[in-house]
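Let's walk together through a protein and the ligand it holds. We will begin at the ligand and then look at the empty space around it.

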Amino acid sequence: MKRHFLFFLLLGSTALAQSAVSKGLALTPPMGWNTWNKFGCDVSDELVRGMADAMVKSGMKDAGYQYVVIDDCWQVSRDAQGNIVADPQRFPSGIKAVADYVHSLGLKFGIYSDAGTKTCAGRPGGLGHEYQDALMYASWGVDYLKYDWCNTLPGQDARSSYANIRQALDASGRPIVLSVCEWGGRQPWLWGKEAGGNLWRTTGDIQDHWAGRQKWPDGSCCSNGVLDIVDENEPLQSYAGPGHWNDPDMLEVGNGGMTTTEYRSHFSLWAIMAAPLMAGNDLRSMTPEIRDILTNKEVIAVDQDPLGRQGRRVWKDGDLEVWGKQMRDGSRAVVLLNRGASTQPITVAWEQIGYPGHLSAAVRDLWAHKDLGKFTGKFSAPVESHGVVMMTVNP
Ligand code: GLA
């Protein structure tokens with residue numbers, strides 16, 4: 001009897017976690033912009049409106065970017081009724097006014113909270129206020145919630161915490177994308193989908209550098225370079241698919257710590273891994289080179305392919321790698337990656353990407369925007385240091 005009860009309880013919570021309200025969200029990896037990587041706690045009404053404007057003017061909206069997300073530090077306290085209170089200096093018109101503005105541009109609006117008592121920056125967290133906060137977010141017009149894992153209680157269970165906030169969001173009646181920000185320690189790829197998460201962080205925080213794990217200023221461990229994150233996220237490819245994505249963290253493209261070549265590689269690898277593409281740079285003042293990276297529609301099409309396969313590394317020899325991703329139309333996206341210090345030729349053999357060697361296939365370079373012709377069995381190209389050649393191979 002007891003066992004039956006438990007069974008129905010579990011069944012009930014799973015069914016709720018996949019309620020009709022949030023079904024069909026994030027069928028391709030979410031694309032947008034988030035305040036954190038560039039601005040940290042320096043968030044405001046003016047910043048968010050400016051960035052939403054820039055998202056339209058720069059062509060990013062046309063390229064598919066949608067969510068404008070305020071990360072940590074918008075909140076300061078709770079009122080006597082326990083309602084979350086936005087910083088009145090930084091958001092003098094309140095959060096709803098900002099959300100309305102973002103919506104008026106045809107974009108979507110996102111916000112941040114935390115499953116613990118406080119956010120990572122020490123602002124009030126969501127623990128014990130999940131349903132109340134969800135109603136507030138829905139009344140503001142929130143479309144996307146990033147939910148962090150700082151200051152959780154000893155023994156607090158991540159899966160049920162995220163299932164709880166998903167159920168609270170669904171109970172509000174508004175379809176809201178849930179971004180699980182647990183950093184990978186509790187293996188969210190194993191339970192994130194059932195808990196109702198649409199994406200889950202697989203790693204610690206990204207930093208604006210190419211490679212190497214570095215301690216944070218307070219001595220705690222560690223921020224990750226692009227390559228460290230790539231190596232942690234790659235083996236998880238089987239867990240990703242429409243509605244539920246591995247999240248190797250937000251983009252650092254344009255923040256100044258890497259070369260243009262490295263940013264192109266960063267973006268290409270995120271795209272072939274079907275990662276969420278959340279820009280994190282100042283869209284109001286980006287150079288044409290950076291804008292061209294973030295708005296490369298051919299590379300974005302690889303990320304957004306509706307089959308929803310996360311690409312994987314299919315060959316590696318020292319610093320040289322070949323990555324492949326199956327696309328819905330049967331073609332393959334391919335990245336040739338050179339981690340080394342000098343230009344090297346890299347070859348992709350058709351067998352590595354699931355084609356027979358006798359096949360003739362058209363190769364198109366997605367950064368040069370050029371058809372390179374038909375090739376049988378393999379394709380080779382010189383790849384510059386820390387660079388990629390990204391292409392589609394189409395039989
Ligand atoms: C954590 C998250 C970051 C960011 C900060 C905000 O470190 O992983 O992405 O949201 O908190 O404080």
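How far does a polar side-chain atom of aspartate 71 lie from an oxygen atom of the ligand? The distance is 2.7 Å, a polar contact in the sense of a pair of N or O atoms within 3.5 Å (within protein, one must be able to donate a hydrogen and the other to accept it, and residues adjacent in sequence count only if both atoms are side-chain atoms). Arginine 201 also places a polar side-chain atom 3.1 Å from a ligand oxygen, and for tryptophan 183 the corresponding distance is 3.2 Å. The protein covers 93% of the 310 Å² of accessible area that the ligand has on its own, with areas taken from the Shrake-Rupley method and a 1.4 Å probe.

A word on the background: this is a predicted model, in which local features need pLDDT of at least 70 and side-chain atom pairs count only at pLDDT 80 or more, while totals for chains, interfaces and linings use all residues. Residues are numbered from 1 along each chain as its sequence is written, and side-chain values use heavy atoms, leaving out hydrogens and water.

Now step back to the shell around the ligand, meaning residues with a heavy atom within 4 Å of it. Among its members are Trp36, Asp72, Tyr112, Lys146 and Asp148. The shell divides into six nonpolar, no polar and six charged residues.

The space taken by the ligand is the largest pocket, with a volume of about 480 Å³. Of the 24 residues that line this pocket, Cys120, Trp183, Arg201, Asp205 and Trp216 are the closest to its centre. Helix H2 (36–39) and strand S6 each supply at least two residues of the pocket lining.

What else is left empty? The structure holds one cavity of 30 Å³ or more, and about 80 Å³ of space lies in the largest cavity. Its lining includes Asn34, Tyr144, Lys146, Arg201 and Met278. Strand S6 (144–148) and strand S8 (199–201) each supply at least two of the lining residues. Lys146 and Arg201 thus appear both around the ligand and in the lining of the largest cavity.

How values were computed. 1 Å grid on protein atoms, 1.4 Å probe; cavity = no way out; pocket = protein on both sides within 12 Å on 5 of 7 lines; lining within 4 Å. Sits in = over half its atoms within 2 Å of the grid points. Nonpolar A, V, L, I, M, F, W, Y, C, P; charged D, E, K, R; others polar. Points joined across faces, edges and corners; volume = space filled by probe spheres on them. Helix = DSSP H or I, 4+ residues; strand = E, 2+ residues; numbered from the N terminus.
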